[in-house]
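This briefing accompanies the chain shown below and works outward from a single residue to the helices, the cores and the overall fold. Please read it with the coordinates open.

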Amino acid sequence: MQQIVLFCFFIVILIVLLLLIVIKLKLSYGLKSDSKEYAEKNFKIGNMQLLGNCQQQNDYFAIEQDKDTVFTVIADGLTDLPSGKFASVIAVETMKYNYHHMINYSGLLDYFKQSFQDIEESMSRNITGNKIGVAVLCGMITGKTLKWAAIGGCSLYLYRKGEIFSVNNNASTDTAMEYGSIKCKKKDVLLFCTEGIYKGVSELELKEILSKKEHSYKKAMLLSRIIQQKGYTHQKNATAIIIEI
């Protein structure tokens, strides 16, 4: 009799555990589905990175998404040496750290200015050599408004209704910060890229790629293949982030 009672007790415990596992799985599935649906509804994001005819990859980037906000930063170290890679990592990680401590700044413009200053100070403290520098492009999309800032030769493009526009001055070689704002529209496509992209393909080719009715990830992969097929002798490292509203 006692054995039967114990057996029944274990059966009940097992059923309860199974029910708890099923409930947990259903809750987890529901949360993941909602998150994915929300992300796809607002933004389609893809990226690519290509090692050119260089000794190492001196580009670095980051993308973060939270609800209706996308934060992205891309950096290109100005020399094909370990110091170039180090400079781009310093730039991106500094922008990310300050982004997560946004409460310390009076506004987005203050955030950009102080972050670029922090990058310069960090490079001077931690990198030695004659050629120290980094090109940086950072953007934040909240709702359908993009605010961006850049120093140096990274480039921002906007594809809208069959036309492509170069948003910033990627020919800039000084340390003056560019800053701007764009009111994005549905189906706008934004391209954040390093020098290896816009020197590896023409604006016409960029326009053709960004206009395709494909996910941003597929557009990024196509961009990578086109650059590789050209096989330029002096192809620079290339990094691209494509965001469709």
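Val 92 has its place in helix α2, and in this predicted model it counts as buried because its relative accessibility is 0%, where buried means under 20%. Setting aside residues up to four places away in sequence, Val 92 touches Tyr 60, Phe 61, Ala 62, Val 73 and Ala 75. Its C-alpha atom is separated by 9.4 Å from that of Leu 137, although the two residues are 45 apart along the chain.

**Helix α2 and its surroundings**

- Helix α2 has 18 residues and reaches 26 Å from its first C-alpha to its last, which is close to the 26 Å expected at 1.5 Å a residue.
- Besides Val 92, the buried residues of α2 include Ser 83, Gly 84, Ala 87, Ser 88, Ile 90 and Ala 91, and further along the helix Thr 94, Met 95, Asn 98 and Tyr 99.
- The cover over these buried residues of α2 includes β2 (59-66), β3, α3 and β4.

**Nonpolar cores**

- Which members of the largest nonpolar core touch the most other members? Among its 24 residues, these are Met 95, Tyr 111 and Val 136.
- Two or more residues are given to this core by each of β3 (69-77), α2 (82-99), α3 (108-126), β4 (134-142) and β5 (145-151).
- Met 95, which is one of the buried residues of α2, is in contact with Phe 71, Val 73, Tyr 111, Phe 112, Ser 115, Phe 116, Ile 119, Val 136 and Cys 138, leaving aside its neighbours within four places in sequence.
- A second core, separate from the one around Met 95, has 22 residues and includes Met 48, Leu 50, Ile 164 and Ala 238.

**The pairing of helices α5 and α6**

- Two packed helices are described by the angle between their axes and the distance between the axes.
- For helix α5 (residues 203-210) and helix α6 (residues 216-230), the angle is about 145° and the axes are 9 Å apart, while the crossing is right-handed.
- The contact brings Glu 205, Leu 206, Ile 209 and Leu 210 of α5 to Lys 219, Leu 222, Leu 223, Ile 226 and Lys 230 of α6.
- By character, the residues of this contact between α5 and α6 divide into six nonpolar, three charged and no polar.

**Helix α6 and Lys 219**

- The 15 residues of α6 should span 21 Å at 1.5 Å a residue, and the end C-alpha atoms are 22 Å apart, so the expected and modelled spans agree.
- The buried residues of α6 are Ser 216, Lys 219, Ala 220, Leu 222, Leu 223, Ser 224, Ile 226 and Ile 227, and they pack against β1 (44-50), β9 (189-193), α4 (195-198), α5 and β10 (238-244).
- Is Lys 219 of helix α6 buried or exposed? Lys 219 counts as buried because its relative accessible area is 2%, and buried means under 20%.
- Apart from neighbours within four places in sequence, Lys 219 is in contact with Val 189, Ile 209, Leu 210, Lys 212, Glu 214, Ile 242 and Glu 244.
- Lys 219 and Gly 46 are 173 residues apart along the chain, yet their C-alpha atoms are separated by 7.6 Å.

**Residues with positive phi**

- Just after α6, Gly 231 takes a positive phi of about 60°.
- Lys 161, a residue other than glycine, has a positive phi near 50° and is found in the loop between β6 (155-160) and β7 (163-166); Lys 161 counts as exposed because its relative accessibility is 76%, where exposed means over 50%.
- Lys 187 likewise is not a glycine and has a positive phi of about 80°; Lys 187 lies in the loop between β8 (178-183) and β9, and at 54% relative accessibility it counts as exposed.

**The chain as a whole**

- The protein chain contains six helices and ten strands, and buried residues make up 42% of its 245 residues.
- Of the contacts in the protein chain between residues at least 6 apart in sequence, 70% join residues at least 24 apart.

Key
Residues numbered from 1 in each chain as written. Predicted model: local features only at pLDDT ≥ 70, side-chain atom pairs only at ≥ 80, totals over all residues. Heavy atoms only, no water. Axes fitted to C-alpha atoms, helices over the stretch in contact; angles between N-to-C directions. Helix = DSSP H or I, 4+ residues; strand = E, 2+ residues; numbered from the N terminus. Left-handed = near helix turned anticlockwise from the far one by under 90°. Contact = heavy atoms within 4.5 Å. Nonpolar A, V, L, I, M, F, W, Y, C, P; charged D, E, K, R; others polar. Core = buried A, V, L, I, M, F, W, Y, C linked by side-chain atoms within 4.5 Å. Buried < 20%, exposed > 50% of the residue type's maximum accessible area, 1.4 Å probe, protein only. Expected span 1.5 Å × (residues − 1).
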